[in-house]
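User: I am new to this structure and would be grateful for a close look at one part of it. Please set that part in the context of the whole chain afterwards.

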Amino acid sequence: MVVAAEAVAVAAAVGDDRSGRKPSGLSPGLGAGWRPPLANVLAQRSDLTFVEVIAEAVDPRAPLPASLATLAGRGVPIVPHGIRLSLGSTERPQPARVARLAAVAQRCQAPLVSEHVAMVRAGGLEAGHLLPVPLTRQSLDVVVGNVRAVTAELGVPLALEHPASLLRWPADHLHPADFLTELAERTDALLVLDVANLHADRHNHGLDPARFLDRLPWERIAYVHVAGGVEHDGRYHDTHRHPVPPAVLDLLAEAVHRCPHRLPVMLERDGDYPSAAGMNAELDAVAGVLSVAPAAQPAPRFADSCRTAKPAGGWNAAPQADLAAEQPDPADEQRVPAAEQRDLAAEQRDLAVEQRDLAVEQRDLAVEQVDLVRALVAGGPDPAAFDPAGLAATRAALLDKRTREVAAVWPALARIPGFADRFAHYAAGAPPRGPVADGCAFAESVRTTLGIVAVAELLTHTLPRRPFAVRTGRSADRRAVAAVRLPGGAFRLLKFPAPPIDPGSRSSPTGRRPWTRPDQSATNPILPRS
C-alpha cells in the first residue's frame, strides 16, 4: 500500500535531515521494530529513519531477510535489540551471548546495539522474561561491571533501556532516573527511553513521569520506544500486542517537548499484529506527535558534550611560573612523614574492608536473585518483604508469555484439549528452558493423549541431527507415524493405520496396546528402529 502523503510530509519535517544525526548514529524521526509479519508494511513506508530487530532472532552467519536487506540498502540503519544478556544478574554475561550480539551487530552493520537493565536468569535458572533489578548501590555496581564487560567486546556503542515491571524490590532507594544516569556516566553508555515502560511504572508503582524526565541526561538518549499494552486486574501490562494508548502518546509528546534536540522514536509490536491499515495508523500517530514538536537544535555529539572547554589562548597558555610551581621538589619526596605512611596504610586497610563488604553484599544479592527467580518460575516460596500481589502478577505474566511462546513453536500441541491449563500444571515445577525444549518435555508428559498430528510434531522436533535418521511413535488411537530425514536434507512423515486389536495380546483394560516410545521401536513389528 502507498503511504499517505501526510505521513511523507511528516517524515520530511522530522526525519529526513541527516545533518541532525545523533551520537547513536541515528537520524531524528520515525522508526519501527522490524518483525517478519510486518515486513511488507514497513517495506512500503518511505519515512522510516531506522528499524530495530530482536538480536536473538538474527542469525549472524546467514544473510539478512530480503525485506530487511532492502531497507538496509535504502540507507535505513538496523539496530539489534538484545533481550538475553541479563545485565542485572550478579553473574557476568555469558561470553557466547556477548560474542553473538557483536556478530549480529556486524552482520547488520549497526551503528549501535541496545539491551535492558534487567535480569533474565540467576543461578542457572531462566526467568523467561525481563525482571527488574534492585535500585540500590550494590545492584548499580553489578550492572556497571557487566556493562563495562560487554562494551569492551561489542565494537559499537551500547544503549540501555529501563524495563517495565509488575513488582519492585523491597530495598529500592535510588530514583530510577538517577540509577540510569549514574550507570550511563560510569560506563559511557547511551540510554533508550521507553515511554510505554514509563507509563507502566506510573500506573503500577506511582512513578512521577515529569520528575523522571526532568532528571534524564538527554544528551545520552539514543532513541525512544513507544508500545502498546493493556490494563488487567488493576495493573498495566506492557504487552507490545495491543494498540498504543493515548496516555503513552501523551508521554511521548511530553518527552519530545522537554528534550533540547529532536529524537529518533520507534514503535514496537511483538504479536497479535494488526492489518496493514491498522499498523500504518499507529505509525502515523507516532509520526504525528513528532510533527508538532517545537523547533530544537540537533543533538550534540556525545563525545564533544563531555569534553572540558578549551581555555582562552590554547591548552598550553598557562603561565610558566605556575607550571614550575607545580613541579615536585625531589627533596620533599624523600622526606615523606611517617604519619603519612601510616595514613596510607590505614586507607588501604579500609579499602580492603570495603571490598570484602562489597563481596558479601553481592553474594547476598546473588542469593536474593535466585530466590526471586525460583519463586516465579520453579515453584519456590515467595521471598520475604516482596509484595505478594506483585509476585503473583509477575508469575502469571511469565507463565502467559511462556505458554504463548510454546504454542507458537508447537501449533499442533497447542490444539490439544485444555492445552493452557495442562501446560500450566507442567510448568509449575519446571523452570523455562526455551519454547522448543519446553514443548518437547510437555509433549512427553502428555504423550499418551496426543493425536497423530501432535505425535508427528514431537517426532519432528526430536529427530536426531544426522544425515539419515528415523523416529517413530503412536498416537492415542494407536496409529503409527515415522519421521524420516534422508541424505541431502529431505524430510518425510509416514503415517500408518492402527493395527487390529488382538484380544490375547498384552493390552490395557480398554483393549488398547500401551504407548510405545520412539526409542523402543524395536518392539514394534510395523516400524523400523530409529
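Is Thr239 buried or exposed?

Analyst: Thr239 is buried in this predicted model. Its relative accessible area is 18%, and the limit for a buried residue is under 20%, so Thr239 falls within that class.

The place of Thr239 in the chain can be stated precisely. Thr239 belongs to a loop, the one that links strand E11 (235-237) to helix H9 (246-258). Leaving aside residues up to four places away in sequence, Thr239 touches Gly228, Gly229 and Val230. A further relation spans a long stretch of the sequence: Lys401 is 162 residues from Thr239 along the chain, yet their C-alpha atoms are 9.4 Å apart in space.

The chain as a whole provides the setting. There are 19 helices and 15 strands in the chain. Of its 530 residues, 47% are buried, and Thr239 is one of the buried residues. When contacts between residues at least 6 apart in sequence are considered, 71% of them join residues at least 24 apart. The surface that the chain exposes amounts to about 25,300 Å², with carbon and sulfur atoms supplying 55% of it.

Burial can also be followed in a strand. In strand E6 (residues 125-131), 5 of the 7 residues are buried, and the strand is thus mostly covered. Strand E5 (residues 119-122) runs antiparallel to E6 and is joined to it by 3 bridges. Within this pair, Arg121 stands opposite Glu126 of E6. The two strands form a hairpin with 2 residues between them, and Gly123 in the turn has a positive phi of about 60 degrees.

Another part of the chain holds an open sheet of 3 strands, in the order E13-E14-E15, with antiparallel pairing. Strands E13 (469-474) and E15 (491-496) stand at the edges; each has a single partner strand, and therefore one side of each is left without a neighbour in the sheet. On average, and with direction ignored, neighbouring strands of this sheet are turned by 15 degrees against each other. E13 and strand E14 (residues 480-485) are joined by 6 bridges, and Ala469 has Arg485 in E14 as its bridge partner. Helix H19 (residues 452-461) packs on this sheet and touches E13, E14 and E15. The direction of H19 makes about 30 degrees with that of E14.

Notes:
Residues are numbered from 1 along each chain as its sequence is written. This is a predicted model: local features need pLDDT of at least 70, side-chain atom pairs count only at pLDDT 80 or more; totals for chains, interfaces and linings use all residues. Side-chain values use heavy atoms; hydrogens and water are left out. Two strands pair if DSSP finds at least two bridges between them. Helices (H or I, at least four residues) and strands (E, at least two) are DSSP runs, numbered from the N terminus. Axes are lines fitted to C-alpha atoms, for helices over the stretch in contact, and angles run from 0 to 180 degrees between N-to-C directions. Contact means heavy atoms within 4.5 Å. Buried means under 20% relative accessible area, exposed over 50%, partly exposed in between (1.4 Å probe, protein chains only). Accessible areas come from the Shrake-Rupley method with a 1.4 Å probe; for residues, only the protein chains shown count as cover.
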